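These exercises ask the reader to find residues in a structure and describe their surroundings. Each task is followed by a worked solution.

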Amino acid sequence: MSPHSEYPWTIRDRFLELHSRWMTLIAEHLQDHQGNVLEYWRIEKADSVIVLPIQHLEVTMPTNRRILLPMPSYRPGIGQATLDLPGGRLAEGHNPQQSAIAILQRELGIETTSIDQLIPLNSTGWAVNSSFSNQKLYAFVAHLDSIPHLDQSTILSYPTTATGIQQLLQDLTCLQCRAVLLEWWLRQDARQRDV
């Protein structure tokens, strides 16, 4: 049996639907494939995009790369400022790549001309919490060349060495950011093993 086999659940009724500009909260009674009626609460919200920006300081030395991050910002959900990779909601009417470029501009002041490559880590989006939300996460790695007007006072950076990645993993609290960083790091390890 495939892990993605169809389980025919049906919606019996929707007893609550609350809309805001950020999300829609929905409460429903669902009947599962065995005939059980269950109460489920879920949210529908815009997909999100996270970008891992890597600046190449010298092309000839792969250890001379660094990951750029905006300064920590306040997160109401946990009531404190946290360090996060650049990210945000997928803008309505934009595709994930367009949103990734806009995020780099907004959060780091990086112009399109400084982006050498923008590589997606996933093409269909990862489910953020499949039992509670429809939201998907799109992840990109942005390889950056010279950035002429980068404001160093508003940017943090970590080297792409094993020690730098370990430190960044300790400093990140956002699980989505950690997942993007680890996915990229695992692909780097796999590439090095294949060489």
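**Exercise 1.** In which strand is Leu 144 found?

Solution. Leu 144 is found in strand S11, which covers residues 136–144. Strands (E, at least two residues) and helices (H or I, at least four) are DSSP runs, numbered from the N terminus. The model is predicted: local features need pLDDT of at least 70, side-chain atom pairs count only at pLDDT 80 or more, and totals for chains, interfaces and linings use all residues. Residues are numbered from 1 along each chain as its sequence is written, and side-chain values use heavy atoms, with hydrogens and water left out.

**Exercise 2.** Decide whether Leu 144 is buried or exposed, then list what surrounds it.

Solution. Step one is the accessibility. Buried means under 20% relative accessible area, exposed over 50%, and partly exposed in between (1.4 Å probe, protein chains only). Leu 144 has 0% relative accessibility and counts as buried. Step two is the contacts, where contact means heavy atoms within 4.5 Å. Leaving aside neighbours within four places in sequence, Leu 144 is in contact with Pro 53, Ile 54, Gln 55, His 56, Leu 68, Ile 110, Ser 114, Ile 115 and Asp 116. Step three is a distance: the C-alpha atoms of Leu 144 and His 56 are separated by 6.1 Å, although they are 88 residues apart along the chain.

**Exercise 3.** Describe the position of Ser 123.

Solution. Ser 123 is found in the loop between strand S9 (115–120) and strand S10 (126–127). Its relative accessible area is 68%, so Ser 123 is exposed. The C-alpha atoms of Ser 123 and Tyr 138 are separated by 7.2 Å, with their positions 15 residues apart along the chain.

**Exercise 4.** How many aromatic pairs are there, and what kind of pair do Trp 9 and Tyr 40 form?

Solution. Start with the rule: rings of Phe, Tyr and Trp (its six-membered ring) pair if their centres lie within 6.5 Å; planes under 30 degrees apart count as stacked, over 60 as edge-to-face and the rest as tilted. By this rule the count is three aromatic pairs. The ring centres of Trp 9 and Tyr 40 are 5.9 Å apart and the planes stand at 65 degrees, so this pair is edge-to-face. Trp 9 lies in the segment before strand S1 (10–19) and Tyr 40 in strand S3 (residues 37–44), so the pair ties together parts 31 residues apart in sequence. Trp 9 is partly exposed at 34% relative accessible area, and Tyr 40 is partly exposed at 32%. Next, take Trp 184 and Trp 185: their ring centres are 5.8 Å apart and their planes at 45 degrees, so the pair is tilted. Both Trp 184 and Trp 185 are buried.

**Exercise 5.** Which residues does Tyr 40 touch, not counting residues up to four places away in sequence?

Solution. Tyr 40 touches Trp 9, Ile 26, Ala 27, Glu 28 and Leu 30. For Ile 26, which is 14 residues from Tyr 40 along the chain, the C-alpha atoms are separated by 8.3 Å.

**Exercise 6.** Summarise the protein chain as a whole.

Solution. The protein chain has three helices and twelve strands. Of its 195 residues, 35% count as buried. Among contacts with a separation of 6 or more, residues 24 or more positions apart account for 54%.
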